[in-house]
Amino acid sequence: MNIFFCDIQGTFSGDEKTRNEDLKKFINNLLKIIEVDNLENLNISFITTGPIVLLKQAITDLIPLLEGIKITLGEQLCDKYIILNSNLFEHRFKAKSDQILALIKKHKPKKVYYAEDNQINQLITSQIINKTYPNIKYVGFLPGTSINHPNIYCGSDRNIAGLNQALESYHQQLEKTILKTIN
């Protein structure tokens, strides 16, 4: 199993005028990750400190695009609840990094991807996962900003447009690495 954790506010949210196009591009970028990273599947878990309304909308936006592909929904986390297999459970929210660590411990993924627009959350999560699980490949995506970090890819725009830019930057880096290996 491989997990793609995704923040909602500032990361997965976006302009309603381009929402459908942005979502299709997002799915295509995830499918490219599956292909290039040679994954069997990719499990998406939204993680937000926001209310359940935001979480349910993100799930509703994504579900129609997941049919028949190698992307599935895992645990979905918000301020007071976890949604798993369409069941709603009450839950006390912890820091995002703590929740990610708990799901890593539970599922034992080979690769973890995390899309988060908050630079501090992204860096803390990266450090904690790399120290706690050094054998797990960690890749971060940071829309709306630019930092110099070997495992975090950035997009200049905010929201899903910037997330797509960060995902594309990751693809470009992988393609360069593959070409160097071949030559």
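## Two sheets and the helices around them

Six strands form an open sheet in the order β3-β2-β1-β7-β8-β9, with parallel pairing. Its edge strands are β3 (71–73) and β9 (152–155), each of which pairs on one side only. From one strand to the next, the twist averages 20°. Please keep in mind as you look around that this is a predicted model.

### The whole chain

Let us step back for a moment. The protein chain holds five helices and nine strands. Starting at the N terminus, its elements follow the pattern β-α-β-α-β-β-β-β-α-β-α-β-β-α. The radius of gyration is 15 Å, close to the 16 Å that the globule rule gives for 183 residues, so the protein chain is as compact as a globular protein of that length. Measuring tape in mind, you can picture a C-alpha trace that spans about 55 × 40 × 30 Å along its principal axes.

### Inside the six-stranded sheet

Strand β2 (residues 42–46) runs parallel to β3, and three bridges join the two. If you would like a residue to click on here, try I44, whose bridge partner in β3 is L73. Helix α3 lies across β1 (2–6), β2 and β7 (111–115), and its direction is at about 165° to β1.

### The three-stranded sheet

There is also an open sheet of three strands, ordered β4-β5-β6, and here the pairing is antiparallel. Its edge strands are β4 (76–77) and β6 (87–90), and each pairs on one side only. Strand pairing in general works through backbone hydrogen bonds, in either a parallel or an antiparallel sense.

Strand β5 (residues 81–84) pairs with β6 over four bridges, in the antiparallel sense. Across this pairing, I83 stands opposite L88 in β6, and Y81 stands opposite E90 in β6. What happens at N85, in the hairpin of β5 and β6? This hairpin has two residues between the strands, and N85 takes a positive phi near 50°.

Helix α2 (residues 52–66) packs on this sheet and touches β4, β5 and β6. The direction of α2 makes about 20° with that of β5.

### Two helix pairs

Two packed helices are described by the angle between their axes and the distance between those axes. Here are the two pairs with their values.

| Helix pair | Angle | Axis distance |
|---|---|---|
| α1 (residues 19–36) and α2 | about 55° | 10 Å |
| α3 (residues 96–107) and α4 (residues 119–132) | roughly 35° | within 9 Å |

With α1 and α2 packing at an angle of about 55°, α1 is therefore oblique to α2. Helix α1 passes α2 in a right-handed crossing. Which residues of α1 meet D61, L62, L65 and L66 in α2? They are R19, L23, K24, F26 and I27. By class, the residues of this contact of α1 with α2 are six nonpolar, no polar and three charged.

The crossing of α3 and α4 is right-handed. On the α3 side, the contact is made by K96, S97, I100, L101 and I104. On the α4 side, the residues are N121, I124, T125, I128, I129 and T132. The contact of α3 with α4 divides into six nonpolar, four polar and one charged residues.

### Putting it together

Two of these helices link back to the sheets described above. Helix α2 touches β4, β5 and β6 of the three-stranded sheet and also packs with α1. Helix α3 lies across β1, β2 and β7 and has a right-handed crossing with α4.

Terms used:
Residues numbered from 1 in each chain as written. Predicted model: local features only at pLDDT ≥ 70, side-chain atom pairs only at ≥ 80, totals over all residues. Heavy atoms only, no water. Pairing = 2+ DSSP bridges. Contact = heavy atoms within 4.5 Å. Axes fitted to C-alpha atoms, helices over the stretch in contact; angles between N-to-C directions. Parallel < 35°, antiparallel > 145°, perpendicular 65-115°, else oblique. Left-handed = near helix turned anticlockwise from the far one by under 90°. Nonpolar A, V, L, I, M, F, W, Y, C, P; charged D, E, K, R; others polar. Rg over C-alpha atoms; globule rule 2.2 N^0.38 Å.
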